[in-house]
Amino acid sequence: MKRRPAFDAAALPDQGFSHHAPIWWGNTLMMMIEGAGFAILVATYFYIRHNFDTWPPARTELPALPIPTLNVAILVVSILPMWYVAKLALKHDKPRTIGGLLLLCVVFGVVAAVLRIFEFKAVHTRWDTNAYGSIVWSILGIHFAHILAATLETLIIGILMFVGPIEEKHYVDITVNAVYWYFVALSWVALYTVIFLLPRFL
Amino acid sequence: MAHAYALPSPNEPDDRRRFISEAEEQDVRTRLEQSWEEGSGLYAWLTSTSHKSIAKRYIVTALVFFALGGIEAAVMRVQLSRPENHFVGPDLYNQIFTVHGSTMMFLFAVPVMEAIGLYMVPIMIGTRNVAFPRLNALGYWMYLIGGVLLYVAFFSNTGPDAGWFAYVPLAGPAYSPGKRIDIWAQMITFTEIAGLIGAVEIITTVFKQRAPGMSLNRIPLFVWSEVIMSFMIIFALPAIVIASGALAADRLVDTHFFNPAEGGDALLWQHLFWFFGHPEVYIILIPALGMISSIVTTFTRRSIFGYPAMVLSLISTAFLGFSLWVHHMFATPLPQLGQSLFTAASAAIAIPTGIQIFCWMATIWSGRPRYTTAFMFVIGFVLLFVLGGLSGVMISSIPYDLQVHDTFFVVAHFHYVLIGGAVFPLWGAFYYWFPKMTGRLLSERAGKWNFWLFFAGVNLTFFPMHFLGLMGMPRRVYTYLPEMGWGNLNLVSSIGAVVIVASAIVFVGNVVVSLRGGTPSGDNPWGASTLEWATPSPAPIYNHLFIPIVNGREPLWTNPPGELPVVTGLRTDRHEGLITSLMDAEPEHRYEFKQPTILPLILALAGGGSIIVAIFTPWGVTIGAALTLLILFCWFWPTISPDHDTPRRHPREMP
């Protein structure tokens, strides 16, 4: 086999952002997997609904709204600093500003995680009360794991931005981490609607 | 700092040299070997992130499980060979058929189809490794732990015994106390994680790492089939993750998902399971169809007839595969209209499958077929799969299905489609790609014996089961009375199983002998057209000395003979690959693959250990989550290469 050089890759850049980066695809596929999982959970929720005359089931109070609504607001607001972080990362700008904003997002994440513990109480049921309690707790719990994972990841990159050294690929990681953060926050808007709002109408 | 580049050469046409000299090639080879070689020894083996060594383990492990599942099948056939046999008792028999089904579906079929993809796809698309090498290693270790868990439990008389689809309420806490079903549910967790990881690897690798010029309409059909299978995995497996999690929770922490007394629902399990379970069948079938296309192309010496129709058929099969799950539930009280829809969808799947079969026939008709063993297995596939498809059309009709539901007719049907549809193409693929994996050809003579014994054995074993089912013999019974008149056909079926065992022995013998003394194959023993044949056999750890450039669908046939246009200028001092665009595969940027590490194994042991602890106490989940986060912290802790590039202000700017 005689090989004929036809393209020189040496001049190509070391990294690409957005859908040019493999890690962006890895993250997108992960969100598809988890999105499919959330969809299955919601389908299960509505399937179980048909086994009860009233929803929530008799002798179960409607889920309380204040803390869950506050938490969904916190998650949505946390998108803003994260979005700004991603914008800065695209320009490879100001590692310390990026790090600071990432740590701010970590604070949002920790607050959301703490409020989640109170949300378990706000649904006025337990996982072992009946099938309603089982599915509601499952949705709360599985999304809880997402908040923890996204917060931890953000913490790691936030610290890195201060201690360095920083490579170009870390800026790619920041933008991909931001996409995952949006996913965790926005998927909760849908799940919050199902768990806390819909029982008032079903 | 200065980097070690493989032959930088300017892109201006005037400066291009005609060919790379032998000496230059040798120099690049030495440098690539230095940076890619993982060394030998146990530690190197445990830390390897090479897609080929991981996929090879996957294949060998899956074949070991296939053998174990086959031994279980043989034991069942001995038990059923005559009425009122007492070779195994009812309890052990329940465990055997459950472990047999679970092994074949979760530990053999899906893993082996992904494993062949993880081995061949990167070589076929001309890249050096899968996109996320460490994650890939994690997937294998999780799969291995899951399989070992099932068999350790089985050999200590704790094997699951509620069937491979573990229907509630039988599999629920009330009717299956003890740990048998929990073992099953956690084995599922392991294999799902491994399956999803493999899917992410394959899609990302194919989307972003194809050789320059390999636009979407030039991707080999086998690679297409692996991508489509991976998308099916991504949408189907979450259902079984949720379902087996809910079952384990019902059994362990008293949730009520499947408990009708507290608003749960037994049919919910069937919906969730089959929403995964039916696509699963296509997850197994679709890569097999891709293997057939590769084999047919090579052994008819022409490119496939109707390439766009083939790709679209694969995609529509995948879509339709998601709308068939209820045909496993025709015997449940679902609304008539809904059942009719699923009947229609089940029948509709014959259209894309038919298109493919006709395209292969047209290819063979207009080509020059060479009847090698691999090609014989393809022909065996057509015959068996058409037979299985015919019984499939029969049971897609609800009145008929109600008659034969849970009888041996169904057993005959799905063994014809699974063995005919998946195992035959897979064996063809073994004969086809074995030289690429080992550098040696399998013996064609033993291969013909292997094929004919297998073909005869499968028909002898499973064809009588159609009649047994029509005579009313239910599946999953450990014995039957002589007055039923099922004895003779069962004996024929058991004799068929002996023939299958004989063919398996021929295959193993062929592999062992050929590994030692088989004919050396050279780079391209079949005169095939795709990129995996443009590199030595077995492929070096970096796959291709230079990333090839593709000008057509069959590059090795359309290039001037013996010539290969290639990419130069990738760095040789680190694991570097080329990232190309999704649609047209135009070069975008260079990419560093992660280096070998022990972390995937540690994570699998910690995460896997805690999943096993969770069988006994819910604290397993908590401990596991903490350990997993800790290890992930190490995993994701950014590594700085000693020769790292300082960030440029503008990523597109040239240095």
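A salt bridge, for what I am about to say, is a side-chain nitrogen of Lys or Arg within 4 Å of a carboxyl oxygen of Asp or Glu. With that rule in hand, I would like to take you through this predicted model, beginning where chain A meets chain B, and the rule finds 4 salt bridges across that interface.

Let me describe the interface as a whole before turning to single residues. Chain A brings 59 residues to the contact, while chain B brings 80 residues, and between them the two chains bury about 6500 Å², with 64% of that area on carbon and sulfur atoms. There are also 26 residue pairs in polar contact between chain A and chain B, counting pairs in which both residues are at pLDDT 80 or more. On the side of chain A that touches chain B, the elements that give two or more residues are strand S1 (2-8), helix H1 (22-49), helix H5 (131-163) and helix H6 (168-197), and H1(A) gives the most, with 14 residues. Sorted by class, that side of chain A has 34 nonpolar, 14 polar and 11 charged residues.

Strand S1 of chain A deserves a further word, since S1(A) pairs with strand S1 of chain B, residues 563-568, in the parallel sense and over 6 bridges. If you look for A:Arg4, you will find that its bridge partner in S1(B) is B:Pro565.

Now to the charged residues at this interface. Side chains of opposite charge can pair when their charged atoms come close. Which residues does A:Asp14 meet in salt bridges? One is B:Arg574, at 3.3 Å from N to O, and another is B:Arg590, where the closest N and O atoms are 3.1 Å apart. The pair with B:Arg590 crosses between chains, from the loop between S1 and H1 of chain A, where A:Asp14 lies, to strand S3 of chain B, residues 587-592, where B:Arg590 lies. Both A:Asp14 and B:Arg590 are buried. These residues belong to a network of salt bridges that links A:Asp14, B:Arg574, B:Glu576, B:Arg590 and B:Glu592.

One member of that network, B:Glu592, is also touched by B:His575, a residue in the loop between S1 and strand S2 (576-580) of chain B. Is B:His575 buried or exposed? B:His575 counts as buried because its relative accessibility is 3%, and the cut-off for buried is under 20%. The side chain of B:His575 reaches the backbone oxygen of B:Ser35 at 2.8 Å, and among the other residues that B:His575 touches are B:Trp36, B:Tyr591 and B:Phe593.

Finally, I would like to step away from the interface, since the structure holds 19 salt bridges over all chains. Within chain B, the side chains of B:Arg180 and B:Asp161 meet in a salt bridge at 2.7 Å, N to O. That pair links distant parts of the chain, 19 residues apart, with B:Arg180 in helix H6 (residues 180-208) and B:Asp161 in the loop between helix H5 (133-155) and H6 of chain B, and both residues are buried. B:Glu444 and B:Lys448 form another salt bridge, with their closest N and O atoms 4.0 Å apart, and these two residues lie 4 residues apart in helix H15 of chain B, about one turn of the helix. B:Glu444 counts as partly exposed because its relative accessibility is 27%, and B:Lys448, with a relative accessible area of 26%, is partly exposed as well.

Key: Residues are numbered from 1 along each chain as its sequence is written. Chains are lettered from A and ligands numbered from 1 in the order in which they are written. This is a predicted model: local features need pLDDT of at least 70, side-chain atom pairs count only at pLDDT 80 or more; totals for chains, interfaces and linings use all residues. Side-chain values use heavy atoms; hydrogens and water are left out. Contact means heavy atoms within 4.5 Å. Buried area is the accessible area (1.4 Å probe) that two parts lose on being put together, summed over both. A polar contact is a pair of N or O atoms within 3.5 Å; within protein, one must be able to donate a hydrogen and the other to accept it, and residues adjacent in sequence count only if both atoms are side-chain atoms. Ala, Val, Leu, Ile, Met, Phe, Trp, Tyr, Cys and Pro count as nonpolar, Asp, Glu, Lys and Arg as charged, and the others, Gly among them, as polar. Two strands pair if DSSP finds at least two bridges between them. Buried means under 20% relative accessible area, exposed over 50%, partly exposed in between (1.4 Å probe, protein chains only). Lists of a residue's contacts leave out its neighbours within four places in sequence.
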